[in-house]
Amino acid sequence: MEGVLMSYSSVDPYRVLFRAGNSPKVVVFIDGLSGGLKVDGYIPELSRALRDLGWSLVLARLSSSYTGYGISSLTEDSMEMDELLTFLQRELSCTAVVGMGHSTGCQDWVWYFRRKAGESAGAEGAAAEPPGLVKGVVLQAPVSDREYLATLPSTEGWVALARDLVVNGKEETMILRRCGYREPVSAGRLLSLATREGEDDLFSSDFSTEELSSRGCGALTVPTLVVYSMADQFVPAAVDKAATVARLVEAIPG
């Protein structure tokens with residue numbers, strides 16, 4: 001897959017994007033935990049399909065990409081997405097964006113819109129996205145980290161340790177690689193991923209439609225496509241996938 005790699009950040013040269021195509025209409029893809037500039041799997045085929053439709057594909061690297069997710073957060077991601085979208089409009093003259101996320105990348109786009117709407121606790125007002133730039137969102141594999149982690153026998157103990165660290169003001173303390181992830185994760189990020197109503201807990205199947213809406217899906221006021229794999233290995237077998245998707249769709253006004 002051919003394209004151009006460039007930095008979109010004025011403060012961190014490692015925040016880069018890869019752009020395949022020259023169209024001012026772009027799909028911005030954000031990968032899941034431990035992912036980054038994903039150029040395998042379905043991405044080359046997606047790039048070709050978009051080119052045929054007159055769109056470009058942009059792959060984004062955030063500070064949370066690759067091993068960085070353990071010390072980052074959705075709030076930090078959403079602020080970096082502000083910078084990315086502003087760069088696309090001002091420097092690359094992009095006129096339309098469709099945001100696409102895979103797994104945790106879905107959480108990023110939901111949190112971005114939630115923050116933009118000024119609903120996130122502690123948010124400093126709405127996000128600085130150029131008005132009307134994001135025309136739609138694709139949520140590919142919007143699954144629950146909490147429900148997956150609950151299937152691992154070690155999670156309960158690590159969550160208890162993380163709670164103790166956070167209570168004692170040590171939320172940035174790194175927990176070793178034995179809590180379900182390949183990379184070290186901070187106590188605060190582990191609680192965000194593994195506990196009910198943690199910052200990352202946006203798509204769990206035990207949420208009602210109203211809870212899914214208030215968690216962030218209700219902020220997706222643009223047309224939104226939910227693409228949910230019925231054979232996703234990170235979704236516990238006990239989860240009613242069809243019912244979960246139905247509630248997600250109902251919770252999204254777009």
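The legends below accompany several views of one chain, which is a predicted model.

**View 1. The fold of the whole chain in the predicted model.** The secondary structure of this chain amounts to eight helices and nine strands. Its radius of gyration is 18 Å, close to the 18 Å that the globule rule gives for 254 residues, so the chain is as compact as a globular protein of that length. Measured out along the principal axes, the C-alpha trace spans about 50 × 40 × 35 Å.

**View 2. Interior and contacts of the chain.** Of the 254 residues, 54% count as buried. Among the contacts in the chain with a separation of 6 or more, 72% come from residues that are 24 or more positions apart.

**View 3. Surface and charges of the chain.** The chain exposes about 11,600 Å², and carbon and sulfur atoms supply 53% of that area. The chain carries 23 positive and 33 negative charges, and the mean positions of these two sets are 3 Å apart.

**View 4. R146 in helix α4.** Helix α4 covers residues 145–149, and R146 lies within this helix. The relative accessibility of R146 is 13%, and because buried means under 20%, this residue counts as buried.

**View 5. The surroundings of R146.** The side chains of R146 and S204 are joined by a polar contact of 3.1 Å. When neighbours within four places in sequence are left aside, R146 is in contact with L193, A194, T195 and R196, and also with D201, S204, D206 and F207. S204 therefore appears both in this list of contacts and as the partner of R146 in the polar contact between side chains.

Note on methods: Residues numbered from 1 in each chain as written. Predicted model: local features only at pLDDT ≥ 70, side-chain atom pairs only at ≥ 80, totals over all residues. Heavy atoms only, no water. Helix = DSSP H or I, 4+ residues; strand = E, 2+ residues; numbered from the N terminus. Rg over C-alpha atoms; globule rule 2.2 N^0.38 Å. Buried < 20%, exposed > 50% of the residue type's maximum accessible area, 1.4 Å probe, protein only. Contact = heavy atoms within 4.5 Å. Areas by Shrake-Rupley, 256 points an atom, 1.4 Å probe, with all protein chains shown as cover. Lys, Arg positive; Asp, Glu negative; His and termini not counted. Charge placed at Lys NZ, Arg CZ, Asp CG, Glu CD. Polar contact = N/O pair within 3.5 Å; in protein donor to acceptor, adjacent residues only side chain to side chain.
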